[in-house]
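Here are some friendly notes to read alongside the model. Please keep the picture open while you go through the points.

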Amino acid sequence: MSNPYLAVLKIYIKDVFAYKVDLTLSTLFNILKPLLLIFVFYAVYQFSNVSTLKGITLSSIVVYFFVVGNLDFIVAPTNIVKHMQNDIKEGSIATELIRPINYIFMPFLSVIPADIILFAFTTIPLLILLYLITGIHLNIFIIIAFAIGVLIAYLISNLLSFIIGSFSIYLVDVSGIGEGILWINEILGGGIIPIIFYPKIISNLLMLTPFPFMIFVPAGIFIGIINTNIVNILITGIVWVIILALISKIVWKRVSKDMNVVGV
Amino acid sequence: MLSKIKRYIKIHINSLKYDWLAFTVYRTQAVIWGLVILLSSISGVVTISVIYNISNGINGWNYYQVLMLVGLTNMMAGMFHYFGLDGIPNKLRNGGFDQMLVKPYNPIGMLLLFRPQSPNIITILTGFGIFATSAYFLNLGVINILVILLLFFIGVATFIMFMLTLYLVFYVLTKGKSQWLRTLSLYIGGTASSYPLNIFGTTLMILFTIVLPVGLATYYPAGFVFGKISLETLLLLIIFEIISIVVYYKLSKWLLTKYTSAGG
């Protein structure tokens, strides 16, 4: 007898490849997106006539934006939100709940195939290419720390999405909150600019939130902006994962009760 | 002709009122979406503020001049969403255009004017606020502001007609999803138009003027008033814009004749 979770995964893998042109072009443009910011920073470094800004060289910034561009679409917390909202609003959750799969895993199963495919076929090859072209310093410790950082980023992003998606039972449209998190992530997480460029007090405060762990921390470890206290930073990220997992569980437990009451 | 325009404006205003009521009927949603739109609007301001805080900025452009480009970009992005351009592919793919075809109106007019996305007024107003702030600090006179706004509106009209044509071409050719067009126009185009185009080099500058004409609404209007674009160049661009609008309009109308019910 086949594993029901694997069967669901297979369906979502097929779904990923249903629109190949859109998938290819979207991925391509996501990768090209950082190119423009590189031009901007090239102009800034050139006009300021400096080799580093806040200790970051132009070549580090170039690699940073490529890494961010590659991670951005993996940690964008909107697909789980959309999935849960559709299930709850259209009532299809009733069917989902009687399947031999715990619903709590369904939203994650819906996004994991696409994310793994994108990560394997675009992120990893491009990171290897970046390493070969730029010759940035990498060792086994940095590679492992980066991998853990990406995993933490992925878990934080998806757990946040799960919490937001759970509120579909109370709100008519939660996709706005998902989009909001996306923008907060871009601004406060290092998506549009490394948070090290912010005034020190702001960047220190931001490191106390989960947002930098979604983009800045993995990208910073990869390019060497974060080169001290890496273990402590990763432990803080893991703590955030645990906190968000607990919140997710509590929220879902509460929401599940209300779902029975309204009969959705 | 005048009565026809009046009729379209009347329907547009009524559609806008209806959409705004539908948006604000759920107040929590409206507040959340409002905040999200504000967040997305200020990301450009944050980026350039940080850049000018840690460096000398961009050669030949002071902070408020670049801020003006950010404001104009926000207004352009707001209008792109307001006219429901990114909803057009779905309308064509799921047969939503069927009901429009039976009405005695111009199909292009119906696509752009009869389904305004009212929440995006917030983006347009935020963009205008940024524009007005920069104009104030740059001590721009009323005439200069009016010149910029006039050139901006011609540029936006060109960009909107270009995007409409692109969506229709892609629909006719593939009938597939076109998420990539959103990435191309909003992320790549939006980033490019927030900065002086000359920093991207000649090839990309031409690309963002003619191929993906985002610069027509931002860089050239502001650049002309700041004395960075000559009158001859500007006049040539205006002629190009007018010809483009007519060509894109004719092409869009022809492409709509290829529409097959329920997305084929």
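The points below go from whole chains to helix pairs and then to single residues.

1. **What kind of model this is.** Before anything else, please remember that this is a predicted model. Each value below is computed from that model.

2. **The elements of chain A.** How many helices and strands does chain A have? The count is 11 helices and two strands. If you walk along the sequence of chain A, you meet them in the order α-α-β-β-α-α-α-α-α-α-α-α-α.

3. **The elements of chain B.** Chain B has 12 helices and zero strands. Its pattern, starting from the N terminus, is therefore a plain run of helices: α-α-α-α-α-α-α-α-α-α-α-α.

4. **The overall form of chain A.** A compact globule of 264 residues would have a radius of gyration near 18 Å, and the 20 Å of chain A agrees with that. Along its principal axes, the C-alpha atoms of chain A fill a box of roughly 65 × 40 × 35 Å. Buried residues make up 52% of the 264 in this chain. Now look at contacts in chain A between residues at least 6 apart in sequence: 77% of these join residues at least 24 apart.

5. **The overall form of chain B.** For chain B the radius of gyration is 19 Å, which agrees with the value near 18 Å expected of a compact globule with 264 residues. The box filled by its C-alpha atoms is roughly 55 × 45 × 40 Å, again taken along the principal axes. In chain B, 54% of the 264 residues count as buried. Of the contacts in chain B with a separation of 6 or more, 77% come from residues 24 or more positions apart.

6. **A helix pair in chain A.** Two packed helices are described by the angle between their axes and the distance between the axes. Try this on helix α6 (residues 106-134) and helix α7 (residues 140-166) of chain A, which pack at an angle of about 150° with their axes 13 Å apart. Angles over 145 degrees count as roughly antiparallel, so α6(A) and α7(A) are roughly antiparallel to each other. Their crossing is right-handed. On the α6(A) side, the residues in contact include Phe108(A), Val111(A) and Phe119(A), while those on the α7(A) side include Phe146(A), Tyr154(A) and Phe162(A). By type, the residues of this contact between α6(A) and α7(A) are 11 nonpolar, one polar and one charged.

7. **A helix pair in chain B.** Are helices α8 and α12 of chain B roughly parallel or roughly antiparallel? Helix α8 (residues 142-174) and helix α12 (residues 231-256) of chain B pack at about 30°, and their axes are 9 Å apart. That angle makes α8(B) roughly parallel to α12(B). The two cross in a left-handed way. Among the residues that meet are Leu151(B), Gly155(B) and Thr158(B) from α8(B), together with Glu241(B), Tyr248(B) and Leu255(B) from α12(B). The contact of α8(B) with α12(B) holds 17 nonpolar, five polar and one charged residue.

8. **Leu216(B), a buried loop residue.** You will find Leu216(B) in the loop between α10 (201-211) and α11 (219-225) of chain B. Its relative accessibility is 2%, so Leu216(B) counts as buried. Leu216(B) and Leu151(B) lie 65 residues apart in sequence, yet their C-alpha atoms are 8.0 Å apart in space. Beyond its neighbours within four places in sequence, Leu216(B) is in contact with several residues, including Leu151(B), Gly155(B), Leu237(B) and Phe240(B).

9. **Gln65(B), a buried helix residue.** Gln65(B) sits in helix α3 (residues 63-82) of chain B. With 11% relative accessibility, Gln65(B) counts as buried. Apart from residues up to four places away in sequence, Gln65(B) touches Gly60(B), Leu138(B), Phe226(B) and Lys228(B).

10. **Two asparagines with a positive phi.** Most residues other than glycine have a negative phi. Asn229(A), which is not a glycine, has a positive phi of about 55°. Asn229(A) lies in the loop between α10 (216-223) and α11 (230-262) of chain A, and its 53% relative accessibility makes it exposed. In chain B, Asn139(B) also has a positive phi of about 55°. Asn139(B) belongs to the loop between α7 (121-137) and α8 of chain B, and at 69% relative accessible area Asn139(B) is exposed.

Conventions:
Residues are numbered from 1 along each chain as its sequence is written. Chains are lettered from A and ligands numbered from 1 in the order in which they are written. This is a predicted model: local features need pLDDT of at least 70, side-chain atom pairs count only at pLDDT 80 or more; totals for chains, interfaces and linings use all residues. Side-chain values use heavy atoms; hydrogens and water are left out. Axes are lines fitted to C-alpha atoms, for helices over the stretch in contact, and angles run from 0 to 180 degrees between N-to-C directions. Helices (H or I, at least four residues) and strands (E, at least two) are DSSP runs, numbered from the N terminus. Angles under 35 degrees count as roughly parallel, over 145 as roughly antiparallel, 65 to 115 as roughly perpendicular and the rest as oblique. A crossing is left-handed if the near helix is turned anticlockwise from the far one by less than a right angle, and right-handed if clockwise. Contact means heavy atoms within 4.5 Å. Ala, Val, Leu, Ile, Met, Phe, Trp, Tyr, Cys and Pro count as nonpolar, Asp, Glu, Lys and Arg as charged, and the others, Gly among them, as polar. The radius of gyration is taken over C-alpha atoms; the globule rule is 2.2 Å times the number of residues to the power 0.38. Buried means under 20% relative accessible area, exposed over 50%, partly exposed in between (1.4 Å probe, protein chains only).
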